[in-house]
Amino acid sequence: EGWRLDISMLQGDSAFAPAATYQVTATVPAPFVIAATGSTVGVQDVPASTPDGDEQPGQPAWKSWRLVSGPAREFAMFISDRYGLAETYANDMRVNSWYRLGDEATGRAAAEYAAAALRVYGELFGPYPYAELDLVAGPLEFRGMEYAGLIELGFQLYNRHANELEFRVVHEVAHQWWYNMVGNDSVNAPWLDEGLAEWTMYAYYLARYGYFAAERLREQRWQVPVRYAVQTGADRPIGLPVKAYGRDDYERTIYAKGALFFATLRDEIGEEAFRALLRSYLTRYRWRIATPADFQALADAAGGAGLGQQFGAELTLPAAAPQRQHQVLGHLQGHIAAAVFLHQRQAQVDPRRDPGRAVAMAILDEQCIGAHLGQRKAARQQLNVAPVGHRRAAIEHPGLAEQKGAGTHRTTAHQMGFGLT
């Protein structure tokens with residue numbers, strides 16, 4: 001349908017795209033490894049050549065990597081000769097954590113957090129669609145970016161901001177369902193995936209640490225900043241495009257206020273109906289682009305005719321929500337058209353067909369809302385999610401991917417504190 005001409009701002013996603021498959025060949029210096037969208041299907045030595053074009057005898061100077069993906073929103077690739085690798089599993093799905101040498105402990109912890117989130121979210125919403133998930137340390141300070149099948153984590157999350165690592169990881173893993181599998185216009189309606197990914201963190205904390213930990217997240221990560229905005233006159237609607245917000249009110253509005261919409265919708269219609277709503281949303285719009293109106297139609301069916309009135313021209317929290325004073329206002333917007341991205345080869349995905357299992361990726365997302373969890377509860381309440389249970393421990397590879405070092409560990413709960421950063 002042509003090029004998308006939206007220009008987003010630094011604080012939000014820069015673009016959005018329909019799902020596509022990719023075939024990529026990358027030739028890099030021999031000591032380097034690639035962490036990328038998709039699966040590696042082959043690595044071939046490329047001999048060095050002389051000035052006359054003849055092959056240089058001796059060790060190959062380059063390697064040619066061939067990568068393919070299933071449905072993916074974009075293609076991302078990280079190349080380095082300074083990565084260590086920790087591996088663990090979530091059921092039969094491999095989690096690869098690529099960290100900078102010297103950050104072994106937090107590199108292993110990131111893998112375990114992601115594996116736990118994959119189990120919880122898969123049980124709640126439906127299976128993760130790929131055979132593996134990559135977590136990659138990158139120059140992103142203490143923030144995170146989601147791509148389909150790949151998550152970038154800022155270098156500072158592995159050391160000085162390690163207390164924020166868990167919630168960054170589990171938020172980005174949630175985007176594998178909300179933004180990657182179910183796409184939306186994240187430039188003009190960012191609340192739809194960001195708010196839902198934020199609420200999905202609540203499900204993770206509820207399943208893994210218990211009711212009180214999840215409610216603490218709701219209060220301190222969402223309600224406190226929204227209450228502050230209301231009291232100081234800084235409250236904003238959630239239904240605006242990214243460019244309508246400044247950096248501070250974007251995070252507070254789209255993340256915290258957006259999460260409160262979904263949390264109170266769940267409280268209003270009940271846990272089972274809300275879970276059925278999200279499963280229906282995933283099934284109907286898998287590998288497609290959903291609009292706020294699409295979600296409204298499903299919510300109407302789940303909650304009765306009265307629920308539709310809460311969308312209408314304004315998007316509001318359900319009237320019976322405990323936090324009635326935090327009204328979530330916002331005119332619903334979103335004009336959907338195709339996005340075109342440069343790549344080596346792109347094949348449009350037919351959303352009506354089963355795409356099968358593959359590895360893929362999605363798009364930029366900056367998270368700046370901090371969090372702090374002061375207590376851990378063993379009881380699992382309200383959600384019918386089994387405990388995380390036993391898992392294979394991460395295997396640490398202190399050098400390049402080929403160097404299969406051995407080391408096992410068990411990750412303990414991370415004590416975290418909630419608050420805006």
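These are my notebook entries on what I looked up in this predicted model.

**Overall make-up.** I began with the chain as a whole and found eight helices and 14 strands in the protein. Of its 421 residues, 57% count as buried, and the accessible surface comes to about 16900 Å², of which carbon and sulfur atoms hold 51%. I then turned to the contacts between residues with a separation of 6 or more, and noted that 75% of them link residues 24 or more positions apart.

**Helices H1 and H6.** Next I looked up how helix H1 (residues 104-125) sits against helix H6 (residues 271-285), and noted that their axes come within 9 Å and cross at roughly 90°. Because an angle of 65 to 115 degrees counts as roughly perpendicular, I entered H1 as roughly perpendicular to H6. On the H1 side the contact is made by Glu123, Leu124 and Phe125, and on the H6 side by Arg275, Leu278, Arg279 and Leu282. Sorted by class, this contact has four nonpolar and three charged residues, with no polar ones.

**Asparagine 184.** I last turned to asparagine 184, which is found in strand S11 (residues 182-184). Is this residue, asparagine 184, buried or exposed? Its relative accessibility is 2%, and so I entered asparagine 184 as buried, the cut-off being under 20%. For its side chain I noted two partners: the backbone oxygen of alanine 189, reached at 3.3 Å, and the side chain of aspartate 193, joined by a polar contact of 3.0 Å. Leaving aside neighbours within four places in sequence, I also listed the residues in contact with asparagine 184, among them Phe16, Tyr179, Leu192, Ile289 and Ala290.

Terms used
Residues are numbered from 1 along each chain as its sequence is written. This is a predicted model: local features need pLDDT of at least 70, side-chain atom pairs count only at pLDDT 80 or more; totals for chains, interfaces and linings use all residues. Side-chain values use heavy atoms; hydrogens and water are left out. Helices (H or I, at least four residues) and strands (E, at least two) are DSSP runs, numbered from the N terminus. Buried means under 20% relative accessible area, exposed over 50%, partly exposed in between (1.4 Å probe, protein chains only). Contact means heavy atoms within 4.5 Å. Accessible areas come from the Shrake-Rupley method with a 1.4 Å probe; for residues, only the protein chains shown count as cover. Axes are lines fitted to C-alpha atoms, for helices over the stretch in contact, and angles run from 0 to 180 degrees between N-to-C directions. Angles under 35 degrees count as roughly parallel, over 145 as roughly antiparallel, 65 to 115 as roughly perpendicular and the rest as oblique. Ala, Val, Leu, Ile, Met, Phe, Trp, Tyr, Cys and Pro count as nonpolar, Asp, Glu, Lys and Arg as charged, and the others, Gly among them, as polar. A polar contact is a pair of N or O atoms within 3.5 Å; within protein, one must be able to donate a hydrogen and the other to accept it, and residues adjacent in sequence count only if both atoms are side-chain atoms.
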